Every structure is written in C-alpha cells, then in structure tokens.
Amino acid sequence: MLLFSEAAAVFSEIEKRSGRLEMTDLLAALLKKAEGAEIGKLTYLLQGMLAPPYEGIDLGVGERFAIEAIAASAGYSKKEVEAHYKKSGDLGDTAEALIGKKKQTALSTTEMGVTYVYDAMLQIAKASGPGSQEMKIKLLTELLNNASPLEGRFLVRFVLGRLRLGVGDPTIIDALSVAHVGDKSLREPLERAYNVCSDLGYVAKVFYESPERIEKFTVQPFKPLMPALAERLSTPKEIIERLKKCAVEMKYDGFRLQCHKSGERVELYSRRLDRMTAMFPDVVDAIKGVKAKELIFEGEALAYDSAKKRYYPFQQTMRRRRKHGIEEASKEFPLNLFVFDVLYADGRDMTNEPYAKRRALVEKLFKGKILQPSQALVVDSTKKLKEIFDESLSEGLEGIMAKDLAAPYTAGKRKFAWIKLKKSYGKAVDTIDGVVVGYYLGHGARAEFEFGGLLIAVYNPERGKLETVAKIGSGFSEAEMVELEKMLEEIKAARPPEELDYRIEPEFWVEPKYVVEVAFDDITQSPTHTCAMQDGKGYALRFPRLVRIRTDKGVREITTSSEVAEMYELQRSKG
Ligand code: ATP
C-alpha cells in the first residue's frame with residue numbers, strides 16, 4: 001500500500017525543484033511504489049483532479065468549508081484560522097501550520113493510503129442534496145484529523161483545486177514510462193493513448209496492467225479525444241507550397257462539438273471536453289437518426305438562416321439560446337452542425353486513416369438537414385484557394401481550413417495537417433489566447449472609470465509553467481472594465497499563481513482562471529516577459545489589446561510559449 005504521507009513528501013520535494021529531469025525522477029520513484037489498483041488514482045491526484053473534466057466531478061469545496069474543517073480538526077476557532085490565512089495567503093500553508101500546533105489530538109488515527117484519500121475525496125465530491133455541505137466539512141475534517149502537517153498542506157490545496165505542483169502532463173507521462181519500464185521509451189504510445197482518451201488515470205491503469213495494450217490503444221465512445229489543432233500560415237501561396245494538392249474547407253465560427261454515439265446513448269463534448277449534451281437536444285436527436293451504431297465525429301455548430309443565407313457566429317448563437325431557452329431557440333434559430341471529421345465508426349478507429357478516407361465517410365454518413373458535411377473542395381492552385389477564401393469571407397465566415405489529404409487525425413496536437421487562413425492574417429494583426437494572472441486598477445483623476453489593465457500569461461507544457469507575455473492596457477469598453485473588475489475581484493489572490501514564472505508584478509494577483517483572446521501588432525523580445533525566455537529575454541506582444549473573454553477555452557488550452565516563438569519566427573521570415 002502506498003501511503004499518502006509518502007506522496008506528500010514527494011510533492012513537497014517537487015515543489016522545491018524546477019528542472020524537468022529532476023521532477024521526472026522524483027515522480028517515477030513515487031509511481032514505482034504504487035500498486036496496480038493505486039496507479040490510476042495517484043495519477044489523478046498528481047493532476048490535481050479526481051477524474052477527467054468531462055466526468056463533471058467537482059469537489060465543490062470553497063474556502064469557507066476548508067476553514068471550518070481546519071478549525072474543527074486543529075481545535076482553533078474559525079477567526080483564528082482566518083487570521084492565519086490572511087497572513088499566509090495560502091490555506092494549505094495555514095492547515096500545515098495549525099495542524100502542527102494542534103490544540104487537541106484525535107484519539108486514534110488511521111494510516112491513510114493513497115486509495116483511502118482518493119476515495120474520501122470522491123465521497124466529498126459526490127455528497128449532494130440537503131445536508132451535503134455539513135457532510136463535506138465532516139469528511140474533510142476526518143481526513144485532516146488523520147493527517148500530518150505536510151499531508152494537511154496538500155489535502156487542503158487539493159480540495160480547493162489549487163494543488164498545482166508544477167508538473168505538466170508530459171512530465172507525468174515520462175515518469176510513468178520510467179517507473180514501469182525503466183526508461184522513457186514508451187513516452188510516445190503513452191502520449192498518443194492519452195491524446196485519444198483524455199484520461200491519464202485510465203491510461204496509467206491500462207499501462208500497469210499491460211504495456212502492450214498501450215501500444216495498441218484505440219479510441220472509444222464516451223472517452224473524448226483531445227481535439228486536433230490547426231497551424232497557421234498567412235497567405236494562400238504558403239499553404240499551396242506546403243501542402244500542394246489539398247482539401248479546402250469553410251471555416252465556421254461556431255461551437256466545436258465532438259459527438260459520441262453508441263446505440264441509444266449520445267454525448268456531446270465541447271472543445272475543452274466538457275460535457276455539453278443538455279445544451280443541444282436538437283443535435284442529439286439528429287445524431288440518434290444517423291445510420292451507424294457507434295460513432296465519434298466532430299463538427300462546428302452554428303445557426304444558419306437559409307432564407308437570408310446568413311451564418312450567426314458563436315457568440316450570437318449562444319446568446320440566442322440563453323435568451324430564448326434551449327427548446328424555443330432550437331425551433332426559432334435551428335442549429336446546423338457542419339461535420340468536418342469522423343474518428344470512429346462501428347468498431348473502427350479512423351484516427352490513423354488519411355484525411356481523404358475520413359472525409360469520404362463524412363460525406364457518406366451525414367446528409368441530413370441538421371447534420372451536414374462542412375463545405376470542402378480539393379484544390380491544387382493558389383488561385384483556386386484564394387477564390388474559396390474570398391467566397392468564405394463574402395458569406396460572413398472567418399476564413400478557410402486547408403487540410404492535408406494524406407494526414408491522420410492528430411489528436412491533441414497542433415500540426416500542419418490542418419492549416420487555418422483567417423481574415424486578419426493578411427494584415428499585421430494576429431491573436432493569442434492567454435490566461436489572466438493579475439490586474440491593475442486605474443489611477444488618476446478619472447480613476448473610477450479607469451481599469452488599469454491585465455497581466456497575461458501563456459502556457460509552457462514542457463516546463464509545466466505559465467509565462468507572462470503581455471500587459472494589456474486597452475481594448476476594454478467601459479462595461480467590460482466594470483465586468484472584468486468584478487470577476488477578477490472575486491478570484492484575487494494574496495500570492496502569484498504557484499506555476500507562474502514572472503519578472504513583473506501586477507497590482508493584484510488572481511487565480512489563473514479566465515482565458516482571454518488578445519490581439520497584437522507584432523512580437524518582440526523583452527527582458528520583462530518570461531514567455532519562452534532564453535538568455536534573459538522572453539517574447540512579448542506589442543500593442544496588445546483585449547478582443548474578448550473566451551469561455552470556451554480552459555487554462556490548459558491556451559496558446560503555448562512555443563507557439564508564440566513560432567509566430568515570432570513567422571513574422572521575422574516575412575521581414
Ligand atoms: P485553436 O482551436 O486552433 O486553438 P481557436 O480556438 O482560437 O484556435 P481558430 O484559430 O479560429 O480557433 O480555429 C480553429 C477552430 O476552427 C477549430 O478548433 C474548430 O473549432 C474551428 N473550425 C471551423 N471550421 C472548421 C473546419 N472546417 N475544420 C476544422 N475546424 C474548423
């Protein structure tokens with residue numbers, strides 16, 4: 001049995017390190033100690049979660065509950081716990097300190113294994129209905145009663161969703177390979193397995209049962225794949241040079257849906273793999289009618305007015321649905337799902353098949369009114385590609401997606417298998433998606449109307465770190481400023497986010513929660529920002545401005561530091 005105290009000791013070591021190799025070794029040693037039945041649970045704990053996001057399991061423990069549990073367990077008053085928290089800025093640290101100075105000790109304590117802790121956390125998450133809040137506090141108090149100060153630190157951070165050890169998924173994957181076969185040789189199949197099911201705990205469990213099964217891992221209904229992502233180029237000419245003959249599809253600015261069907265069961269997942277089934281009953285019904293027992297496919301949902309020949313973009317589609325209710329809106333503004341890929345069909349994993357073959361299946365399967373194939377045409381000249389691009393803009397779409405006819409589906413990866421060409425690319429304007437890590441308030445005469453700005457970070461998956469890339473001071477409407485200030489006030493934090501690497505400090509730190517799209521003129525190198533920093537210089541956005549808040553993206557899906565570096569190279573190569 002792997003004790004939770006052993007895990008906590010390793011967590012604490014990992015926090016002190018920043019080198020990926022060192023962290024991999026520490027983790028591998030810990031994973032090696034886990035038994036087959038523990039490995040999946042330990043993996044989830046390392047990721048700071050109890051299950052993949054699409055399972056919708058949320059601990060639902062707020063700071064208030066955690067404070068009560070710490071107070072009850074350590075024998076302090078809530079006021080005393082709050083006062084300590086005010087100073088420490090981290091409830092995990094407060095738990096550790098106060099458990100270390102317990103005013104009362106429990107009569108007997110249980111030795112907690114990793115499984116025991118995981119199961120108790122799951123019970124906390126699943127408590128619902130009347131009396132569930134007291135239940136959650138009671139369960140957490142029991143865990144803390146059995147905990148050493150160090151265990152208390154990590155238990156509390158975990159239940160608050162703030163474990164943030166700074167180990168990214170790639171490091172966990174490397175460590176799994178090292179722990180089980182002695183080296184990193186199985187990194188690739190493990191990574192692929194993870195990319196096609198988005199469930200690292202499950203992958204770890206299967207891997208410990210049999211490494212061969214990981215090498216033959218296939219997609220399965222109701223385990224959503226991490227979406228394939230597109231690279232960008234800025235002209236039709238570059239695209240044809242790169243892909244030669246390729247398929248050109250309309251790029252719909254809708255809501256990306258990954259649809260799973262097996263028999264009568266249908267589930268829909270968003271781009272960030274949250275379950276969205278209840279939001280789209282019309283799409284679900286249409287899928288039930290498709291002639292295939294088992295299917296996984298992807299499309300872009302948006303409202304299309306065939307009389308006016310007009311597409312309604314994502315924001316507007318969603319607003320209508322909220323305003324008029326889902327049922328009503330489905331009738332009045334019927335949605336179309338433009339299907340652009342199929343990944344699994346009646347027992348066949350299609351992800352390794354070439355695009356051309358998958359596309360043929362899309363055209364065969366989807367002929368309905370709601371579900372229809374995305375518009376696509378095979379071209380081999382710059383002129384033709386440019387024509388389709390212009391046509392897309394004239395129809396109110398945002399551009400095109402060019403697709404490599406021979407490429408497999410690249411789950412979870414940004415590859416040149418898909419290349420996007422958007423309206424704005426011709427000009428100097430481009431955008432990234434970053435997460436807000438801090439903010440500034442306005443100063444001066446009109447202070448109450450001035451919102452000072454946002455500090456924005458991108459993600460570096462190799463290092464498991466957030467790295468700053470811009471300070472945005474403009475692009476906000478007055479209403480947005482008020483809204484942003486309110487939203488950010490609520491997630492204000494006493495300290496910088498654990499996984500953030502920074503050289504400048506905002507007026508207030510916040511939890512990394514809100515993803516925003518940021519436009520900019522170009523990218524420069526700067527000593528103040530840590531994005532892909534080398535020799536004291538990182539990348540920074542010039543003239544950054546806020547485009548919108550992106551509710552469809554999670555912190556894990558933001559632009560990566562290496563993408564920013566690539567954009568910099570792209571811009572340099574264009575002179
Ligand atoms: P990304 O998804 O690449 O991180 P993003 O979310 O900012 O970036 P865009 O850069 O606008 O979105 O383009 C990619 C998105 O375009 C896809 O995620 C998908 O939702 C959408 N899309 C629209 N039409 C298509 C199509 N025909 N084929 C593939 N994707 C499409």
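Q: Which residues of helix α11 are buried?
A: This is a predicted model, where local features need pLDDT of at least 70, side-chain atom pairs count only at pLDDT 80 or more, and totals for chains, interfaces and linings use all residues. Residues are numbered from 1 along each chain as its sequence is written, and side-chain values use heavy atoms, leaving out hydrogens and water. Helices (H or I, at least four residues) and strands (E, at least two) are DSSP runs numbered from the N terminus. Buried means under 20% relative accessible area, exposed over 50% and partly exposed in between, with a 1.4 Å probe and protein chains only; in α11 (residues 187-197) the buried residues are P189, L190, A193, Y194, N195, V196 and C197.

Q: Which helices help to cover the buried residues of α11?
A: Let's look around the helix. Contact means heavy atoms within 4.5 Å. The cover of the buried residues of α11 includes α3 (36-47), α10 (169-181), α12 (200-209) and α13 (211-215).

Q: Between which domains does the ligand lie?
A: The domain assignment, which is automatic or from a database, gives domain 1 (4-159), domain 2 (229-422) and domain 3 (430-573). A residue is near the ligand if one of its heavy atoms lies within 4 Å, and 19 residues surround the ligand. Because two domains both give residues to this shell, the ligand lies between domain 2 and domain 3.

Q: Which strand gives the most residues to the shell around the ligand?
A: β2 (246-250), β11 (399-404) and β12 (414-422) each supply at least two residues. With four residues, the top contributor is β12.

Q: How much of the ligand's exposed area does the protein bury?
A: A polar contact is a pair of N or O atoms within 3.5 Å. A polar side-chain atom of R271 is 2.6 Å from a ligand oxygen, and an N or O atom in the side chain of E249 is 2.8 Å from a ligand nitrogen. Taken alone, the ligand exposes 600 Å² (Shrake-Rupley method, 1.4 Å probe), and the share that the protein buries is 92%.

Q: Is K244 buried or exposed?
A: K244 sits in the loop between α14 (236-243) and β2. Its phi is positive, near 60°, whereas most residues other than glycine have a negative phi. Because its relative accessibility is 54%, K244 counts as exposed.

Q: Where is D346 found?
A: D346 is another non-glycine residue with a positive phi, near 40°. At 46% relative accessibility, D346 counts as partly exposed. Its place is the loop between β7 (335-345) and β8 (348-349).

How values were computed:
Polar contact = N/O pair within 3.5 Å; in protein donor to acceptor, adjacent residues only side chain to side chain.
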